[in-house]
Amino acid sequence: MKAKVFVTYRDGVLDPQGQTIFEVLKQHGHDSVRNIRVGKMIEVELDDMDADQAKTMLNDISDKMFANPITETFRVELA
Amino acid sequence: MKVTIVTFPGSNCDRDCIYVMRDILSCDVNNVFHKESTLGSCDAVIVPGGFSYGDYLRAGALAKYSPIMGDIKRFAEQGGLVIGICNGFQILCEVGLLPGALVRNRSVRFISRNVQLRVENNDTVFTTAYEEGQQLWIPMAHAEGNYVAGEKTIHELEESGRVIFRYTGPEREDVLDGNPNGSINAIAGIMNEQGNVLGMMPHPERASDIRVGGTDGLGVFQSMIVSIQQNSPLATISA
């Protein structure tokens with residue numbers, strides 16, 4: 001089975017990369033874009049198992065490794 | 001002083017630290033690879049700078065899982081002196097030996113230049129060689145040195161004198177406030193509550209030889225040596 005984990009900065013944590021992309025978009029006339037935040041998407045391929053079990057495991061891995069809880073949040077999606 | 005310097009895959013300041021500790025300060029140096037499970041007998045540990053695991057995932061995030069980490073934690077928890085420099089600081093934050101985290105520099109750029117630091121507290125085992133308020137020139141070289149932590153943590157660090165070094169300059173066109181990377185309160189180095197673990201982004205080991213880079217960083221290591229020699233109790237930190 002496959003899963004995706006999305007890791008993003010918490011609101012309020014400076015995201016200079018997102019801001020830079022945002023500035024460039026503005027310079028190119030994309031006035032309707034209001035803000036950009038950059039995150040990571042991590043694809044995980046794992047043994048078939050119960051969905052709840054997979055989610056619990058991925059939440060644990062994400063909390064300990066994929067995301068730094070001080071600056072980031074995450075969301076687990078099973079495919 | 002017997003000092004253990006840890007090398008991770010991607011460390012690149014380990015050799016500079018070895019040179020300074022062994023050749024300039026005449027310490028016994030033990031260099032251990034991250035796959036080792038023990039630090040060996042030592043008085044202090046240096047977690048050097050570089051790009052452990054290529055900074056993949058986040059700077060310091062994967063070094064947290066290196067086999068040597070367990071013994072570094074044990075050593076620190078027993079009161080042993082641990083200093084994390086640059087990537088070492090990032091690693092110590094990731095493993096939880098120091099509070100907070102280091103995110104991308106405000107400018108998004110990798111910044112490699114001499115910066116000015118003020119010694120905010122000289123009553124610590126890492127800073128007795130300095131005067132309080134002394135200004136130091138020490139190089140920094142990082143892309144993720146922007147220190148962040150929750151409001152409560154910042155308040156605690158400030159109130160208890162655990163902000164050890166603060167950026168004070170130089171002012172430049174792109175750094176009007178003298179804070180090169182955007183760290184909260186211009187924090188460049190912090191200490192843990194027990195006073196035996198220091199993390200700092202600038203590189204004191206690159207300012208420890210008069211022939212290259214000056215000697216403003218030498219005081220950090222000299223202070224550690226003095227504290228080990230005197231076996232002095234850790235500096236008391238107000239709660």
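1. A good place to start in this predicted model is helix 5 of chain B, residues 218-230. The helix has 13 residues, and at 1.5 Å a residue they should span 18 Å; the C-alpha atoms at its two ends are 18 Å apart, so expectation and model agree.

2. Which residues of helix 5 of chain B are buried? They are B:Gly219, B:Val220, B:Phe221, B:Ser223, B:Met224 and B:Ser227. The cover over these buried residues includes helix 1 (14-24), strand 3 (44-47) and strand 4 (81-85), which also belong to chain B. Just past the end of helix 5 of chain B, have a look at B:Asn231, which takes a positive phi of about 50°.

3. Next, a single residue in chain B: B:Thr168, which is part of strand 9 (residues 163-169). Is B:Thr168 buried, exposed or partly exposed? Its count is 17 other C-beta atoms within 10 Å. A buried residue would need 20 or more, and an exposed one 12 or fewer, so B:Thr168 is partly exposed.

4. Leaving aside residues up to four places away in sequence, B:Thr168 touches B:Gln116, B:Leu117, B:Arg118, B:Gln135 and B:Gly178. For a distance to check on screen, take B:Asn105: this residue is 63 residues from B:Thr168 along the chain, and the C-alpha atoms of the two are separated by 16 Å.

5. Now to where the two chains meet. On the chain A side, nine residues are in contact with 15 residues of chain B. Helix 1 (residues 16-27) of chain A gives the most to the chain A side, with three residues. By kind, the chain A side that touches chain B holds five nonpolar residues, four polar and no charged.

6. Chain A also has an open sheet of three strands, in the order 2-1-3 with antiparallel pairing. Why is one side of strand 2 (40-45) and of strand 3 (72-78) of chain A left without a neighbour in the sheet? Both stand at the edges and each has a single partner strand, so there is no neighbour on the other side. On average, and with direction ignored, neighbouring strands of this sheet are turned by 20° against each other.

7. Within that sheet, strand 1 (residues 2-9) and strand 2 of chain A run antiparallel and are joined by six bridges. One position to find is A:Lys4, which stands opposite A:Glu43 in strand 2 of chain A. Helix 2 (residues 51-66) of chain A packs on the sheet and touches strand 1, strand 2 and strand 3 of chain A. The direction of helix 2 of chain A makes about 155° with that of strand 3 of chain A.

Definitions and conventions. Residues are numbered from 1 along each chain as its sequence is written. Chains are lettered from A and ligands numbered from 1 in the order in which they are written. This is a predicted model: local features need pLDDT of at least 70, side-chain atom pairs count only at pLDDT 80 or more; totals for chains, interfaces and linings use all residues. Helices (H or I, at least four residues) and strands (E, at least two) are DSSP runs, numbered from the N terminus. The expected span of a helix is 1.5 Å times one less than its number of residues. Two residues are in contact if their C-beta atoms, placed from the backbone, lie within 7 Å. Ala, Val, Leu, Ile, Met, Phe, Trp, Tyr, Cys and Pro count as nonpolar, Asp, Glu, Lys and Arg as charged, and the others, Gly among them, as polar. Two strands pair if DSSP finds at least two bridges between them. Axes are lines fitted to C-alpha atoms, for helices over the stretch in contact, and angles run from 0 to 180 degrees between N-to-C directions.
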